[in-house]
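Reader: I am new to this structure and would like a close look at a single part. Please take the aromatic residues and explain how their rings are placed.

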Amino acid sequence: MLNARIGSSVNSEVQLAGREAASCVKDLKDLKMAFVYSGVQFDQKELLKTIGDELPGVPLIGNTSFTGVITNEGYIAGENGFVGLMGVSGDDLVVGIAGLAKEGTARATGRRVAELAMANAGKAEAPSYFYMVASPGEEELYLKGITDVIGRVPLFGGSAADNSITGEWELFTGDMVTTDGVAVAFFYTDHAFANEYTGAYDESNHVGIATKVKDLRTLVEIDGVPALEKYQEWTNTSHEEIIGGNLLVYSITAPLGVKDPLGDLVAIRHPMNGNEDGTISVGNNLAENTAIILMEGSIDGLLESVQEAIDKVNEKLGTSPSFYHLVHCGGRRAGIGERIDELAERLQKAAGDVPFICEFTFGEYGYEDDGKNTCGGLMLSFTAFGE
């Protein structure tokens, strides 16, 4: 049987915070690993050392989370730091965790981290499913490298985040901390697993072709027109509303989307910056000659979507959930703003007595049915684990 227990702390002293969070899970029988999410205010190496001392021999993995986390106790945040921890146990569960700072290409680093995770699990075969955390920027390439080694295996996870989009994020395992790299947890188990990966936006009638893309993440033209000009036409906005970083905020309720070949999933591409040359910087990779869709949403819709996502992942799981791991976009959280307690209340109500932890990321990863694993932004990747 799989089980999970949650710990947290907003103590501003990093060692006390680590001990307080870890003490909540240390008595869980057959503890096999722990997810750790924390504030950028902390010295992550010191935090991990403290948690490791409290949970000797337990592999750790996680990252800094945007502004806080949500657990069954509500929204956990502190001006001077916070930590949320989920310990996972199971008598028939094997977990292999590995992390690496980027060395060479992202794809090559992804290959090496996959090989290390299998070795750490004592396995020579692909896992049942896996978790990934990466630094923002090359998530798809890390994923390609991992896939080179293990093939198509269901994925969940998200990118490290900070509080100001200034590159202060860190990702880590128990013995590695980096701002630029990747870490994975390979799960070997027969227990049920399900993922709901969605932006929960509506498609508008505005669709065009990405006729020019530069360096994977700069949308230059839509239908041969400067991308920012086309976006302004579609949204009926002023130039001032979408130039520079204004676009990042405006597009939280009006992002772009790309649909998979089967039409089962729309992966959201968050416009990050409206550039002076008329291009749009986006948060995930794009390819030329694919359709770009203007998506539509609202803050109320972002709040409502979390309950719908938990309902859908429960339906996919097909059995009683043991615990949830919830990845929620940091951009969505920023858009929700002061209504964060309402978001927490919705998650608490939807989860009921089932333990959960929700982190806020700068990129989300998941899959839909038999489609391949995908990275996106402004999305939810809600995962349920069967008893």
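**Aromatic pairs and a cluster**

Author: Tyr-131 is buried, with 0% of relative accessible area. The model is predicted, and Tyr-131 serves here as the starting point for its aromatic pairs.
The structure holds 20 aromatic pairs. In one of them, Tyr-131 meets Phe-35 edge-to-face, with 5.0 Å from centre to centre and 75 degrees between the planes. Phe-35 belongs to strand E2 (residues 31–38) and Tyr-131 to strand E8 (residues 129–134), so this pair ties together parts that are 96 residues apart in sequence. Phe-35 is buried too, and its relative accessible area is 0%.

Another pair joins Phe-193 and Phe-385. Their ring centres are 5.8 Å apart and their planes stand at 70 degrees, so this pair is edge-to-face; the cut-off for that label is an angle over 60 degrees. Phe-193 is in strand E13 (residues 193–198) and Phe-385 is in strand E26 (residues 380–386), so the pair ties together parts that lie 192 residues apart in sequence. Phe-385 is buried, at a relative accessible area of 0%. Phe-193 has a relative accessibility of 16% and counts as buried, because the limit for buried is under 20%.

The two pairs also belong to a wider group. Phe-35, Tyr-131, Phe-193 and Phe-385 are among the members of one aromatic cluster. That cluster also includes Tyr-37, Tyr-129, Phe-156, Phe-187, Phe-323 and Tyr-367.

How values were computed
Residues are numbered from 1 along each chain as its sequence is written. This is a predicted model: local features need pLDDT of at least 70, side-chain atom pairs count only at pLDDT 80 or more; totals for chains, interfaces and linings use all residues. Side-chain values use heavy atoms; hydrogens and water are left out. Rings of Phe, Tyr and Trp (its six-membered ring) pair if their centres lie within 6.5 Å; planes under 30 degrees apart count as stacked, over 60 as edge-to-face and the rest as tilted. Helices (H or I, at least four residues) and strands (E, at least two) are DSSP runs, numbered from the N terminus. Buried means under 20% relative accessible area, exposed over 50%, partly exposed in between (1.4 Å probe, protein chains only).
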